[in-house]
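Please open the model in your viewer and keep the selection tool at hand, since the tour below moves from one selection to the next.

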Amino acid sequence: GGGGGGGGGGVEEGWQRGAVAGPPAGEIRQYAPGAAEASLRRTGQSARHDAFFSSHALRQESARRRAAAYAQPPEQSGPLATATVEGYHSFVPLDVPDASRRSRTPSFLCKATSSVDGEAYSLRRLDGPPVPPEPLAAALAWRSLRHPSLVALVDAFTATGPAADGRVGRATYFVHELFPAAISLERAYFGTPGSAGNPGTPPSMTPTEDGLWDIALPLLSAIHAVHSAGAALRIVDPAHVLFTDPHTVRLSSIGVLDAARPERNLPLPALQSEDLQALGRLLVSVACQNAGAAAPTSLRRSLSFVHASYSADLSRLLMLLLSPPEAAHASVHDAVALVSGRLMTRLAQGAGYADALRTELSKEQENGRLLRLVLKLGLATSRPSLPANESYGDHPDRYLLRLFQDLLYGSSDEEGRPLISFAQAVHALNKLDLGHDGRALLTGREDGAMVLVSYHELKQVLERSFGEIAAAAEQ
């Protein structure tokens, strides 16, 4: 899942418990948009298929996310099963046991459905007394900040609802976007710890130079946007970095610490410097694939390993991010300038991926147009009568449309074998939708009648027939 406060990796594990796992390890290799664009292209017969329909990779990803969004636990009872909190209902727990205790922000995370728009969201209930109005208002300010590398805050409020143990009481809730089947960086690179009755899971990814940049650049872009807006994130750690799909890295839980821990009233420059240091520690931990690699006692040895194993560019970035605030006064603008060349490459890759997605969208727009036409054709020919017209189905207009359906679906060769040609059917439907002047030879399967009619005339017949049905429906 995606969204609200720190669950220590519980979000994605909760999805597994809901019968839908995150992406298989083999699918989580390269998060750069360049790889994303390449994944949309196929060759041979598959390429001919993808010329008319969405690419196989895109359909698989969409299907996986839909399945995860609507996943439900096998059984659910108690207050949570019937609860409604500020218009949110159908709660599905996402946290794993003990995740709340491992989090910097003890809380309970659920998927919930909004009664306003019917969409699923990530709903986090903070443990403890409700947050006072002033820090809650500070957290709500995050709603205005949108960035592709941030899980957006939708709302925050105080209401009465059930906790993880079923007890009902007043608490503060945070609503974030939901990204079904997301996987945290913590789980991807470090696995999950075992406990009684739970052996844990091993890491599913191995650090590489490209993989580190695919994490560093989006997060640096998000930090740059937040710092430029006069704020600080405070949640840059492996548990809150989500791979929301095979090509996107996002920071989750924005705004939660502003409400849950307002007592850290440090100057803004100090908080922003902590963000940069946190990003540096995160990258060191991933590079070494060791959650404790950035601890003060291990940092020098870990940096030596990074210098020896990765590029000089990465080493320079880490040295800047981890420099003491009092020594260098480095800002996010300095870090962005240092990696500007790589950012330009990523910008070009992102633009290429956006172009590829627009091409995929145009194919679906065309398919949607043809689907509406086929639905109108089916509605116009399937009714034998209407309330005000008992002989509706016997009219010559409907006879012509049924003959056209035979042309689309009933073609056979000389030996009577079915002819299946998507291209021919799409070509004929396009001509019908345009009202083309070209003519079609229609043949009746039962009476052998042959009719030569233009697509323009057929379109007029279809519009008249559908108009009669629409008028009857409104009476």
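In which helix is V374 found? Before selecting anything, bear in mind that this is a predicted model. V374 belongs to helix 16, which runs over residues 340-381.

**First stop: V374 and the helix pair**

Select V374 and display its surroundings. Is this residue buried, partly exposed or exposed? Its relative accessibility is 28%, and because the partly exposed class lies between the 20% and 50% cut-offs, V374 counts as partly exposed. Leaving aside residues up to four places away in sequence, V374 touches Y409 and L429. The second of these, L429, is 55 residues apart from V374 along the chain, while the C-alpha atoms of the two are separated by 8.1 Å.

Now widen the selection to helix 16 together with helix 17, residues 396-409, which pack at an angle of about 130° with their axes 10 Å apart. At that angle helix 16 is oblique to helix 17, and the crossing of the two is left-handed. To see the contact itself, show the side of helix 16 that contributes V374, L377, G378, A380 and T381, and then the residues of helix 17 that meet it, namely R398, L401, R402, F404, Q405, L408 and Y409.

**Second stop: strands 2, 3 and 5**

Select strand 3, residues 120-126, which is mostly covered, with 6 of its 7 residues buried. Add strand 2, residues 107-114, and you will find that it pairs with strand 3 in the antiparallel sense over 7 bridges. One of the places to look is S107, whose bridge partner in strand 3 is L126. Strand 2 and strand 3 form a hairpin with 5 residues between them, and in that turn G118 has a positive phi of about 75°.

Next add strand 5, residues 168-177, which pairs with strand 3 in the antiparallel sense over 5 bridges. Here the residue to label is S122, whose bridge partner in strand 5 is H176.

**Third stop: the open sheet and T244**

Move to the open sheet of 3 strands, which has the order 6-7-8 with antiparallel pairing. Strand 6 (183-184) and strand 8 (248-251) stand at the edges, each with a single partner strand, so one side of each is left without a neighbour in the sheet. Helix 9, residues 209-228, packs on this sheet and touches strand 7 and strand 8, its direction making about 50° with that of strand 8. Strand 7, residues 241-245, pairs with strand 8 in the antiparallel sense over 4 bridges, and L242 stands opposite R250 of strand 8.

Within strand 7, select T244. This residue is buried, with a relative accessible area of 0%. Which residues does T244 touch, not counting those up to four places away in sequence? They are R65, F179, P180, A182 and R250. For a distance check, pick the C-alpha atoms of T244 and S184, which are 60 residues apart along the chain and separated by 8.4 Å.

**Last stop: helix 11**

Finally, select helix 11, residues 268-288, whose 21 residues reach 31 Å from the first C-alpha to the last, close to the 30 Å expected at 1.5 Å a residue. Colouring by accessibility shows helix 11 as mostly covered, with 15 of its 21 residues buried. Just after helix 11, end the tour at Q289, which takes a positive phi of about 50°.

Note on methods: Residues numbered from 1 in each chain as written. Predicted model: local features only at pLDDT ≥ 70, side-chain atom pairs only at ≥ 80, totals over all residues. Heavy atoms only, no water. Pairing = 2+ DSSP bridges. Contact = heavy atoms within 4.5 Å. Axes fitted to C-alpha atoms, helices over the stretch in contact; angles between N-to-C directions. Expected span 1.5 Å × (residues − 1). Buried < 20%, exposed > 50% of the residue type's maximum accessible area, 1.4 Å probe, protein only. Parallel < 35°, antiparallel > 145°, perpendicular 65-115°, else oblique. Left-handed = near helix turned anticlockwise from the far one by under 90°.
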